[in-house]
Amino acid sequence: MSRSARRVALGTGILAVALSGCIAPDVEVSGALGVTVDEEARPVLVVEACDGGATVVSLSFDREGLTDDEVNEDIGQWTAAEPVPGASELALHAPAAPWQGEAVELAVDRGYIAGGQGAAEGEVLTQVSFRGPDLAGLDPDLVYRNDPDSLTNLDADPGDSALVASTPEEFSAEVCSRG
């Protein structure tokens, strides 16, 4: 697996356990989400469904400012009429086929968590978290996902998570080779 050495620091209070691979035993990871930007630095989610297909993508604010018993605020949800196999993109400001849902504009000063569901019950796509300020530094030709090494260290500050850059082909290969 190759990974670009380029990393973008995240300054968000993400709950590390939610992103560290601690998944309920009745849940199967069937792909992942990444983030990139278009030529105008607007966020685009990259949805990679390795098996079956993706059916739902959701976006919420991160946990910054929340207590342990508070739930992240949902911002948007997009669905596909049929499971979407392989890689697809979801421009948050202008959703298009195969994804259906309302457009959202992101606040520059907030953090976000995107998640997804696979076609079969209990299938999920690994989340990606990012902050509005991160978007300005992203390359539109690369896909970014959370660095698995920084997320598995539960003693680390969740705000120290990083985004790792890959080409779209590397992202697909890395995501779908886990197992």
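In which strand does S30 lie? Select S30 in this predicted model: the residue belongs to strand β2, which spans residues 28-37.

**S30 and its surroundings**

With S30 still selected, display its solvent accessibility. S30 counts as buried because its relative accessibility is 2%, and the cut-off for burial is under 20%. Next, show the residues around it. Setting aside residues up to four places away in sequence, S30 touches E48, A49, C50 and D51, as well as G118, E123, V124 and L125.

**The disulfide**

From S30, move to C50, one of the residues that S30 touches. C50 forms a disulfide with C176, and the two sulfur atoms are 2.1 Å apart. The link is left-handed, with -90 degrees about the S-S bond. C50 lies in strand β3 and C176 in helix α4 (residues 168-177), so the pair ties together parts that are 126 residues apart in sequence. A search of the whole structure finds 1 disulfide. C50 is partly exposed, at 26% relative accessible area, and C176 is also partly exposed, at 36%.

**The nonpolar cores**

Now select L45, L59, W99 and F130. Within the largest nonpolar core, which has 29 residues, these four touch the most other members. Two or more residues of this core come from each of β2, β3, β4, β6 (111-118), β7 (123-131) and β9. Strand β3 gives the most, with 7 residues.

Centre the view on W99. Apart from neighbours within four places in sequence, W99 is in contact with V47, A54, T55, V56 and V57. The list of its contacts continues with W78, T79, A80, V84, S88, E89 and L90.

A second core, separate from the largest one, has 5 residues, including A32, V143, F171 and V175.

**Strand β8**

Take V143 from that second core and extend the selection to strand β8, residues 143-146. Are the faces of this strand covered or uncovered? Both are covered: V143 and R145 are buried on one side, and Y144 and N146 are buried on the other. Add strand β9 (residues 162-166), which runs antiparallel to β8 and is joined to it by 4 bridges. For R145, the bridge partner in β9 is V164.

**A loop residue**

Finish at D69, located in the loop between β3 (43-61) and β4 (74-91). D69 counts as exposed because its relative accessibility is 67%, and the cut-off for exposure is over 50%. Display the side chain of T67 as well: a polar contact of 2.5 Å joins it to the side chain of D69.

Definitions and conventions: Residues numbered from 1 in each chain as written. Predicted model: local features only at pLDDT ≥ 70, side-chain atom pairs only at ≥ 80, totals over all residues. Heavy atoms only, no water. Buried < 20%, exposed > 50% of the residue type's maximum accessible area, 1.4 Å probe, protein only. Pairing = 2+ DSSP bridges. Contact = heavy atoms within 4.5 Å. Polar contact = N/O pair within 3.5 Å; in protein donor to acceptor, adjacent residues only side chain to side chain. Core = buried A, V, L, I, M, F, W, Y, C linked by side-chain atoms within 4.5 Å. Disulfide = S-S within 2.5 Å.
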